Amino acid sequence: SDRIVKVMDRLGLEEGEVIQHSMISKSIERAQKKVEENNFGVRKRLLEYDDVMNNQREVIYRKRRHALLGERMGVEISNIFYDSCESLVNEYRESGDYESLKLEMFRHLSINPPFDEDAFKAESAETLVDKTYDHVIEAYVRKADKMAEIAHRVIKDVYENKAGQYENILVPITDGKRMFNISANLKKAYESESKEVVRSLEKTALLLLIDEAWKEHLRELDELRQSVQNATYEQKDPLLIYKFESFNLFKTMLDSINKKVASTLLKAQIPTRDPQDVREAVTRRSDTSKYRTQKDDADASRPREQGGDGQQPPRQEKVQPVRVEKKVGRNEPCPCGSGKKYKSCHGRPA
C-alpha cells in the first residue's frame with residue numbers, strides 16, 4: 001500500500017481523483033486481496049479457539065440446566081458420586097498407596113474404604129470402585145434422611161400453625177466450611193416430609209460450585225491462549241497445543257467439581273442442637289415488646305447501695321442552673337430610667 005501511495009504521488013494524482021490506469025488498479029486489487037485474506041485467517045483462527053471453549057461450555061451448561069430445571073437430578077448426583085469414587089481409586093491404585101487413599105476418601109467422601117489393604121491390591125479397580133460407590137450411596141441416604149427428619153420437625157410446626165403467613169422457608173445448612181441458606185417451598189417441603197429441602201441443597205450446591213469452577217476455568221483458558229503463542233518459535237501449532245492443554249484443564253475442573261459437590265453433600269448438616277431452637281431464636285429476634293419489662297426486671301434485681309441503717313439513700317434533688325442577669329455596659333443608658341449613662345449614674349465607684 002505504501003508503494004501505491006508513492007506511485008500516485010509521482011504521477012501527481014490528487015486525493016479523490018478517479019484512478020483509471022490499469023497497473024494501479026491491479027496493484028490495489030492485489031493489496032486488498034492480501035488484507036482480506038489475512039483478516040479472514042485471523043478470524044478463522046479466533047473461531048477455532050472459540051470452538052474449543054464452546055464445546056466445553058455446552059457440557060457445563062447442560063449440567064446447570066439439569067440442576068435449574070430439576071431434570072435428571074438424581075442421576076446427576078449419582079454420577080458425581082461414582083466419578084469421585086473412580087477418580088480416587090484409580091489415582092492411588094497404580095501406586096498402591098492404600099494409606100493415602102484412606103486419607104483422601106475420608107477428606108472428600110467422609111468414609112473409610114470398604115476394603116482392606118490386601119483387597120485393595122488384589123481386586124480389580126472396577127470392583128473397588130463399585131464397593132466404594134455402594135458405601136457412599138448408603139452413607140448419603142442416611143445423611144439425607146437425618147437432615148430431612150431434623151428439618152421436618154420445624155417445617156411441620158410452621159406449616160400447621162402459620163401456613164398462611166409464609167410461602168417459602170429458609171433452612172440453614174453447613175458443610176463445616178460455608179453456610180447455605182436453602183430455600184424451599186413450605187407446602188412441598190411439608191408434603192414430602194422435608195425431602196424437598198435435600199433436593200434444594202443438591203441444586204444449590206451443584207450450581208454454586210459449577211459457577212465458581214467455570215469462572216476460574218475461563219481465566220485459565222485466557223492465560224493459556226496467551227502462553228501458547230510462543231509455540232510458533234518452536235515450529236509447533238499453537239492451536240493444537242491449546243486444544244490438548246485446555247482438554248486437560250477441563251478434565252481437572254470436572255474432577256474438582258465432582259469431589260467438591262460430593263464432599264459438600266456428605267458433610268452437610270443443620271447447625272443446631274435442637275430444631276426447636278430455630279423457632280425460639282426467631283421469636284426472640286422478632287419480639288421486642290418485652291425489652292422494657294426485661295430491662296426493668298434486670299434493674300430491679302440489681303443490688304443497690306444502702307445507707308448505714310440499711311435504708312435506701314434519699315434521692316438527690318436535681319441542681320438547677322444558675323441564671324446570670326445581663327450586664328450593663330458603662331456607656332449604655334442606666335436601667336433606672338434617669339436618662340444618664342450608667343457610668344455617670346450608678347457606675348461611679350462609691
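**Group meeting: helices, cores and an odd loop**

Okay, let's start with helix α3, residues 73–93. It has 21 residues, and at 1.5 Å a residue these should span 30 Å; the C-alpha atoms at its ends sit 30 Å apart, so the two agree. Bear in mind that this is a predicted model.

Staying with α3, which of its residues are buried? The list runs M73, E76, I77, I80, F81, S84, C85, S87, L88, V89 and Y92. So you'll find a glutamate and a couple of serines in there, E76, S84 and S87.

Keep F81 in mind, since it comes back in the largest nonpolar core. That core has 59 residues, and the ones with the most contacts inside it are F81, L109, F115, I173 and L265. Which helix gives the largest share? That's α6, residues 125–162, with 14 residues. There's another core lying apart from this one, with eight residues, including Y49, V52, L221 and V228.

Now L265. If you ignore neighbours within four places in sequence, L265 is in contact with I77, F81, Y140, K143, L201, E202 and A205. Two of those names, I77 and F81, you just heard among the buried residues of α3.

L265 also shows up where α6 meets helix α9, residues 238–267. These two helices pack at about 45 degrees, with 9 Å between their axes. That makes α6 and α9 oblique to each other, because the oblique class takes in angles from 35 up to 65 degrees. On the α6 side the contact uses V136, Y140 and K143, and on the α9 side L265, L266 and K267. By type, that contact has four nonpolar residues, two charged and no polar ones.

Last stop, the loop between α7 (186–191) and α8 (195–227), where E193 sits. S194 is in that loop as well. Here's the odd bit. Most residues other than glycine have a negative phi. E193, though, has a phi near 55 degrees, which is positive, and it isn't a glycine. S194 isn't a glycine either, and its phi is positive too, at about 70 degrees.

So are E193 and S194 buried or exposed? E193 has 51% relative accessibility, and since the cut-off for exposed is over 50%, E193 counts as exposed. S194 has a relative accessible area of 0%, so S194 is buried.

That's my tour, thanks.

Notes:
Residues are numbered from 1 along each chain as its sequence is written. This is a predicted model: local features need pLDDT of at least 70, side-chain atom pairs count only at pLDDT 80 or more; totals for chains, interfaces and linings use all residues. Side-chain values use heavy atoms; hydrogens and water are left out. A nonpolar core is a set of buried Ala, Val, Leu, Ile, Met, Phe, Trp, Tyr and Cys residues joined through side-chain atoms within 4.5 Å. Buried means under 20% relative accessible area, exposed over 50%, partly exposed in between (1.4 Å probe, protein chains only). Helices (H or I, at least four residues) and strands (E, at least two) are DSSP runs, numbered from the N terminus. Contact means heavy atoms within 4.5 Å. Axes are lines fitted to C-alpha atoms, for helices over the stretch in contact, and angles run from 0 to 180 degrees between N-to-C directions. Angles under 35 degrees count as roughly parallel, over 145 as roughly antiparallel, 65 to 115 as roughly perpendicular and the rest as oblique. Ala, Val, Leu, Ile, Met, Phe, Trp, Tyr, Cys and Pro count as nonpolar, Asp, Glu, Lys and Arg as charged, and the others, Gly among them, as polar. The expected span of a helix is 1.5 Å times one less than its number of residues.
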